[in-house]
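Let's take a walk through this model together. Have the sequence and the 3D view open side by side, and follow along from the charged pairs to the overall outline.

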Amino acid sequence: TSCTNPQVTADCEVYFRLAFLDPFQGTVLANYAYNELGVDTAYTLAMLGSDYDQGLVYYFTEAFEALGGYEDAPQLVMYCRAMAAGEEGKYQDCISTLENLGQFKDAPMQLNYYRARSLEATGALPADDLQWYDQDGWTSYFCAADIYGGMPLFRDCTARSEACYEAVYARALALGGQNNYNAAIEVLATLGPWGTAATQADYYAACNLSASGYPLLAADQFDLLGEYADAPEKAAALRLSVYENAENYMAEGKFGPAYQIFSSLGDYSHERGDAATRAKDAAYRKGESFLTGEERDYDEAKEAFFLAGDYVPQEGAAAADRIKECWYLEGQSLLACETPEYENAKLAFEKAGDYSDAATAFSRLCYQQGEAILQGENPDYAAAREAFGHGEGYVPQDGAAAADRIKECWYLEGQS
């Protein structure tokens with residue numbers, strides 16, 4: 001390396017230096033000035049921001065003073081007072097004094113250093129104090145860290161820069177610990193790729209989803225975090241809570257919400273049954289609920305049984321067969337209403353397929369409808385003929401064929 005700063009190779013045994021160290025150059029210059037030129041007072045001039053200039057000035061001054069020389073005494077007194085004020089935490093006094101010193105010694109570097117120290121102190125509120133966030137104390141830490149980062153080899157700047165980031169991270173954790181997730185995420189986002197800040201921000205995003213009433217979205221977010229912190233445990237707990245919520249709906253007879261929740265759990269498995277099967281069971285029971293009571297809803301029942309898919313309960317018919325049953329029952333109800341809907345009933349029985357006696361039920365029920373009309377006090381012969389007409393082809397075990405009953409209707413109407 002061609003760098004002359006001794007800290008670059010302080011802990012490394014594999015570098016080869018091509019130039020003399022700053023301490024060597026500064027000492028040679030001091031010896032030349034004091035011994036060869038015979039001067040005992042010297043002034044140093046260095047470019048602001050140049051690590052090489054500042055380093056050389058520092059080591060020249062150190063060696064020159066050791067030989068008995070001295071720098072400008074009034075400025076040196078001001079410099080010492082500024083350093084003392086800075087270490088006592090009197091940063092404004094320190095900064096104003098260093099500003100007046102201009103380019104004296106390493107005053108420019110010290111000026112930046114204590115400005116950063118001042119900003120660092122501004123952000124130093126208790127970790128659990130929310131005022132720290134409300135007053136943007138964390139931004140002071142970032143400003144300080146940026147200044148420290150600009151002169152990594154000066155004093156303890158590198159360590160202080162890292163400490164600032166650690167302080168911001170600790171405050172973010174404190175905000176998250178108080179369930180102030182949005183604030184914590186905002187602070188962590190400013191840390192960028194530092195440490196685990198990005199992962200912790202994702203963790204709090206999942207926590208925020210959970211707190212906002214989106215447990216499954218939160219569980220998915222925790223899954224993306226792998227084994228980070230307690231993410232696996234939180235994901236499992238959230239899915240279990242959703243599963244148990246669905247079970248509570250089942251116990252209350254609210255099969256619709258239970259179906260929706262079980263379905264949302266996807267392939268989640270539990271010792272009391274996997275979510276997919278429980279969803280089918282909920283849909284099946286929902287279908288049954290529409291077939292009970294005085295007002296049956298066959299369409300809703302069919303839709304529910306359809307959602308149950310290939311489900312077969314331990315005791316009862318398969319969901320597919322219950323759909324056929326719904327068509328059969330709907331066909332019966334259409335013929336039993338005040339104004340029979342023969343065509344719709346016929347269609348319903350056709351869709352009932354091989355359920356029970358669906359194939360002959362339409363003709364039989366139409367025939368029975370015609371008989372019932374004829375047995376009334378004031379028979380409606382036209383309605384009876386229509387009923388027997390839809391029952392064409394049906395011949396009861398004891399009675400005339402439907403075609404003959406139509407003729408009977410005409411005969412009775414003629415008599416009347």
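Counting salt bridges here gives 22, where a salt bridge is a side-chain nitrogen of Lys or Arg within 4 Å of a carboxyl oxygen of Asp or Glu. Before going further, bear in mind that this is a predicted model, where local features need pLDDT of at least 70, side-chain atom pairs count only at pLDDT 80 or more, and totals for chains, interfaces and linings use all residues. Residues are numbered from 1 along each chain as its sequence is written, and side-chain values use heavy atoms, with hydrogens and water left out.

Start with Glu-120, which pairs with Arg-160 in a salt bridge whose closest N and O atoms are 3.2 Å apart. This pair ties together distant parts of the chain, with Glu-120 in helix H5 and Arg-160 in helix H8, 40 residues apart. Helices here are DSSP runs (H or I, at least four residues), strands are E runs of at least two, and both are numbered from the N terminus. Are Glu-120 and Arg-160 buried or exposed? Both are buried; the cut-offs are under 20% relative accessible area for buried, over 50% for exposed, and partly exposed in between (1.4 Å probe, protein chains only).

Arg-160 also has a salt bridge to Asp-156, at 3.1 Å between the closest N and O atoms. Asp-156 counts as partly exposed because its relative accessibility is 29%. Another set, Glu-87, Arg-117 and Arg-155, is joined into one network by salt bridges that share partners. For a pair with more solvent access on paper, look at Glu-88 and Lys-90, whose side chains meet at 3.3 Å, N to O. Glu-88 is at 55% relative accessibility, so it counts as exposed, while Lys-90 is partly exposed at 45%.Now for a polar side chain inside a helix. Thr-61 sits in helix H2 (residues 51-66) and, at 3% relative accessibility, is buried. Where does its side chain go? The side chain of Thr-61 reaches the backbone oxygen of Val-57 at 2.8 Å. That is a polar contact, meaning a pair of N or O atoms within 3.5 Å; within protein, one must be able to donate a hydrogen and the other to accept it, and residues adjacent in sequence count only if both atoms are side-chain atoms.

Two loops are worth a look for their backbone angles. Lys-105, in the loop between helix H4 (91-101) and helix H5 (107-122), has a phi near 45°, a positive value in a residue other than glycine. Lys-105 is buried, at 12% relative accessibility. Asn-179, in the loop between helix H8 (157-177) and helix H9 (181-191), also has a positive phi, near 65°. Asn-179 is exposed, with a relative accessible area of 53%.

Finally, zoom out. The chain has 20 helices and zero strands. Its C-alpha trace spans about 155 × 45 × 35 Å along the principal axes. The radius of gyration, taken over C-alpha atoms, is 46 Å, whereas a compact globule of 416 residues would be near 22 Å; that globule rule is 2.2 Å times the number of residues to the power 0.38. Of the 416 residues, 39% count as buried.
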